[in-house]
Amino acid sequence: MQFKKLFQVLVLGGAMVGAVAASACSQANAQDKAKKPPADAGTKDSAGSGVKGW
Amino acid sequence: MTSARRAAGEAWAFRARVEQEAALRFDRLAIVVAGFDPGSPVPAMMRRAADDERRHTELCARLAASLGKPVVLDPEANLPSIAPRSLDERQAVLYEVVAACCVTETESMATLTTLMAAEPEPEVREVLHSISKDEVVHSRMGWAHLSRESAAVDVSFLAPLIPGMLAGTIDESLFAAPPTDEDPEGLLRLGVLPLEKKREVFLGTLEQVVFPGLEKFGVDPEPGRRWLAGAAAP
């Protein structure tokens, strides 16, 4: 397992994605902004929990 | 039925449910993130990721059925937030994105990479390959969101919450002895990590990818490291 490569691809790659210019995203997000989250978007556990995966 | 086929059928059925939950989560989070960070690329990524996860659900369910474990999914399923109640909305979203993407999707990517290198059966390889292409993006969108939030607000509140997040990520059996009838080679052929390998991948990914990533974006990894030392202690 090449963990160093995973760090570069996922963590550093993600940071680069997060730094993209805002203009391209604004229109699509404006549509989402008009929506409301589902009414069941409350909190399940007062202490917080995790997300099970593979 | 062999022990490997039985265990693999259960694992793929579990994955189908995990993927269905991920689709619901990303649909919900996309709306909330767009509300406070309208310039972010993350909501669009989450909308695409939700579609990916619905496709993954089908792939995993089909494989589970072929291994003798049909999956019945609830089409009306909903998914509450996993964040602590003490957090405000923006903090709660960050908590959930870090849990779902920075931790779980990153761990999934490490698992998929390991499985792909283990010469799985052709049908299994095809599914693993298809899913892994998407999971790279799903992990990245978590790190992208954490990166943006760390530049905009204080994210240090996450540090003491990481142990609870990690505890909720694993099954208690991860640090137990493997089943006596475990067939490691058979499991790998069917796309499932034997317990010892699963533990190795989980620990390595936390120590070398997730904790350094959290630290890079201003979240102290020490509480998480202390939790891990305790959880993994013999």
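**Chain A**

I began with burial in chain A of this predicted model, and found that buried residues make up 31% of its 54 residues. I then looked up the secondary structure of chain A, which comes to 2 helices and 0 strands.

**Chain B as a whole**

For chain B I noted 8 helices and 0 strands, and reading along the sequence I wrote the pattern down as α-α-α-α-α-α-α-α. I checked the radius of gyration of chain B, which is 18 Å and close to the 17 Å that the globule rule gives for 234 residues, so chain B is as compact as a globular protein of that length. Taken along the principal axes, the C-alpha atoms of chain B fill a box of roughly 55 × 40 × 30 Å. I entered 49% as the share of the 234 residues of chain B that count as buried. I also looked at how contacts in chain B are spread over the sequence: among those between residues at least 6 apart, 78% join residues at least 24 apart.

**Where the chains touch**

I listed the residues that take part in the contact of the two chains, and these are 60 from chain B and 39 from chain A. On the side of chain B that touches chain A, the elements giving two or more residues are α1, α2, α3, α4, α5 and α7 of chain B. Which element gives the most to the side of chain B that touches chain A? I found α3(B) in that place, with 14 residues. Sorted by class, the side of chain B that touches chain A has 31 nonpolar, 22 polar and 7 charged residues.

**The largest nonpolar core**

I next went through the largest nonpolar core, which has 78 residues, and the members that touch the most others are B:Ala8, B:Trp12, B:Ala64 and B:Val98. This core draws on both chains, since at least two residues each come from α1 (3-18) of chain A and from several helices of chain B, among them α1 (3-36), α2 (42-66), α3 (89-116) and α4 (122-152). The most is given by α1(B), with 16 residues in this core.

**Helix α3(B) and B:Val98**

I turned to α3(B) and compared its length with expectation: at 1.5 Å a residue its 28 residues should span 40 Å, and the end C-alpha atoms are 38 Å apart, which agrees. I nevertheless recorded a kink of about 30 degrees in α3(B), centred on B:Val98. The helix α3(B) is mostly covered, with 23 of its 28 residues buried. For B:Val98, leaving aside neighbours within four places in sequence, I listed contacts with B:Val103, B:Gly142, B:Leu146 and B:Leu158.

**Helix α7(B)**

I made the length check on α7(B) as well, which has 22 residues and reaches 30 Å from its first C-alpha to its last, close to the 32 Å expected at 1.5 Å a residue. A kink of about 40 degrees is present in α7(B), centred on B:Leu206. B:Leu206 is also one of the buried residues of α7(B), which include B:Lys198, B:Val201, B:Phe202 and B:Thr205. I asked what covers the buried residues of α7(B), and the cover includes α1 of chain A together with α3, α4 and α8 (222-231) of chain B. After α7(B) comes B:Gly218, whose phi is positive, near 90 degrees.

**Single residues**

I looked up B:Glu119, which sits in the loop between α3 and α4 of chain B. Most residues other than glycine have a negative phi. B:Glu119 has a positive phi of about 55 degrees although it is not a glycine. B:Glu119 is exposed, because 11 other C-beta atoms lie within 10 Å and the cut-off for exposed is 12 or fewer.

Is B:His56 buried or exposed? I found B:His56, in helix α2 of chain B, to be buried, because 24 other C-beta atoms lie within 10 Å and buried requires 20 or more. Leaving aside neighbours within four places in sequence, B:His56 is in contact with B:Glu19 and B:Ile131. From B:His56 to B:Thr169 I noted 20 Å, C-alpha to C-alpha, for residues 113 apart in sequence.

My last entry is B:Glu185, placed in helix α6 of chain B, which counts as exposed with 11 C-beta neighbours inside 10 Å. The C-alpha atoms of B:Glu185 and B:Ser40 are separated by 44 Å, and the two residues are 145 apart along the chain.

Key:
Residues are numbered from 1 along each chain as its sequence is written. Chains are lettered from A and ligands numbered from 1 in the order in which they are written. This is a predicted model: local features need pLDDT of at least 70, side-chain atom pairs count only at pLDDT 80 or more; totals for chains, interfaces and linings use all residues. A nonpolar core is a set of buried Ala, Val, Leu, Ile, Met, Phe, Trp, Tyr and Cys residues joined through C-beta atoms within 7 Å. Helices (H or I, at least four residues) and strands (E, at least two) are DSSP runs, numbered from the N terminus. Two residues are in contact if their C-beta atoms, placed from the backbone, lie within 7 Å. Ala, Val, Leu, Ile, Met, Phe, Trp, Tyr, Cys and Pro count as nonpolar, Asp, Glu, Lys and Arg as charged, and the others, Gly among them, as polar. The radius of gyration is taken over C-alpha atoms; the globule rule is 2.2 Å times the number of residues to the power 0.38. The expected span of a helix is 1.5 Å times one less than its number of residues. The bend at a residue is the angle between axes fitted to the seven residues ending there and the seven starting there.
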